[in-house]
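Here's a quick walk through one protein model, written for someone who'd rather be at the bench. Have the sequence and the 3D view open as you read.

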Amino acid sequence: MSQTPEKNSDLLELLREAGLDTLDGALAYGGGEDLVKPGLGTRRRTRVELTDANGAARVVYLKRYGPERWSDRWKRLLTYGRCSPASVEHDNIRAAQRCGVSTMDALAFGHEMGLGGLFGVKSFLVVSSVPGDALERCGCDFLARHVDDGGAKRLTDELAGQVAALHAGGFVHRDLYAAHVFLHETDDGFVLNLIDMARVFAPRWRLFRWRVKDLAQLKYSMPADWVRDYWDEFLALYLQRCPGDAERYSRAIDRKTASILRQSQRRAARKAAQGASKQ
């Protein structure tokens, strides 16, 4: 599902009109709704609603990146080479699409790379929105409504196909939680999209470990009823595309899932302790 210029030609024109097709224009843009969450640092995410010639609202997301810590620059250099944060996600989106993964479209990006990317990196990226909602929020309701019509099995098939396509292409997601899998129901069924491609990369070694991490994140975050009834089927379908020993994968995934749970519990305990200390 590679992006073609014709697919988003009208949207690209709206970006040009709003000044969101250049680095200076994107960094100076003052409209939209900023999406704030802990840990963003100098990153800024903005939901932008543009109006086309027919009066219809077109939603895009503007990501802007400011100065980084040395450690972040060094880590990116080792993982991706000399590039900007925006170009990493731009290239990841295009690579995932070439693998056959359904995701958002990368519409525009630009950067300024001072001294080969070691100083003064500024960059921006504009991506399209994807329809629907995250499985983290809508998965239980979807499964409850489709318990008798095969919807859960179709969801399992599609999800296994999307994850296997990414992995078979040599990439891993690194944040493959249900919060980053969007489901959109249509008259003909549904569509799945994987989002948040900023940390996707192609491991040069320890591929099994990275694949297990993705799969464990998914198992940990998916609805408990789906995990109970469909996880084994999901893994079997996945291994048809990415061959491996089922028992080895199952043991490794369960160990990693337990580790994620322990980490989550420790974070919750620290947060509760901090809240209690402020009272």
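What follows goes through the ground rules, salt bridges, charged patch, cysteines, backbone and a few distances.

## Ground rules

This is a predicted model, so to speak of a local feature here takes a pLDDT of at least 70, and side-chain atom pairs count only at pLDDT 80 or more, while totals for chains, interfaces and linings use all residues. Residues are numbered from 1 along each chain as its sequence is written, and side-chain values use heavy atoms, with hydrogens and water left out.

A few terms come up again and again. "Buried" means under 20% relative accessible area, "exposed" means over 50%, and "partly exposed" is in between (1.4 Å probe, protein chains only). Helices (H or I, at least four residues) and strands (E, at least two) are DSSP runs, numbered from the N terminus.

## Salt bridges

How many salt bridges does a search of the whole structure find? It turns up 16, where a salt bridge is a side-chain nitrogen of Lys or Arg within 4 Å of a carboxyl oxygen of Asp or Glu. One of them joins the side chains of D157 and K153, at 3.2 Å from N to O. Both residues sit in helix α6 (residues 151-168), four residues apart, or about one turn of the helix. D157 is partly exposed at a relative accessible area of 31%, and K153 is partly exposed too, at 40%.

Next, look at D175 and R199, whose closest N and O atoms are 3.3 Å apart in a salt bridge. This pair links distant parts of the chain: D175 is in the loop between α6 and β7 (181-186), R199 is in the loop between β8 and α7, and 24 residues separate them. D175 is buried, with a relative accessible area of 18%, whereas R199 is partly exposed at 34%.

Then there's R228 with D225, another side-chain salt bridge at 3.2 Å, N to O. The two are three residues apart in helix α8 (residues 224-241), so about one helical turn separates them. R228 counts as exposed at 58% relative accessibility, and D225 as partly exposed at 47%. Elsewhere, D10, D52 and R58 are joined into one network by salt bridges that share partners.

## A positive patch

Which residues form a positive surface patch? They are R262, R266, R267 and R270. Patches are made of residues with over 30% relative accessible area and no salt bridge, with like charges joined within 9 Å and nonpolar side chains (Val, Leu, Ile, Met, Phe, Trp, Tyr) within 5 Å. Lys and Arg count as positive and Asp and Glu as negative, with His and the chain ends not counted. Of the patch members, R270 can be placed in helix α9 (residues 246-277), and R270 is partly exposed with a relative accessible area of 47%.

## Cysteines

A disulfide is a covalent bond between the sulfur atoms of two cysteines. The working rule here is a pair of cysteine sulfur atoms within 2.5 Å, and by this rule the count comes to zero disulfides. C83 is in no disulfide, as the nearest cysteine sulfur, that of C99, is 18 Å away. C83 counts as buried at 13% relative accessibility.

Why is the sulfur of C242 in no bond with the closest cysteine sulfur? Because that closest sulfur, in C99, is 10 Å away, too far for a bond. C242 is buried as well, at 2% relative accessibility.

## Positive phi values

Most residues other than glycine have a negative phi. D196 has a positive phi, near 60 degrees, and sits in the loop between β8 (189-194) and α7 (207-221). R206 also has a positive phi, near 55 degrees, and lies in the loop between β8 and α7. Are they buried or exposed? D196 counts as partly exposed at 23% relative accessibility, while R206 counts as exposed at 55%.

## Two distances to try in the viewer

L215 is found in helix α7 and counts as buried at 0% relative accessibility. The C-alpha atoms of L215 and L235 are 8.8 Å apart, with their positions 20 residues apart along the chain.

A108 is in strand β4 (residues 106-114) and is buried at 12% relative accessibility. From A108 to A224, 116 residues apart along the chain, the C-alpha separation is 38 Å.

Terms used
Accessible areas come from the Shrake-Rupley method with a 1.4 Å probe; for residues, only the protein chains shown count as cover. The place of a charge is taken as NZ of Lys, CZ of Arg, CG of Asp or CD of Glu.
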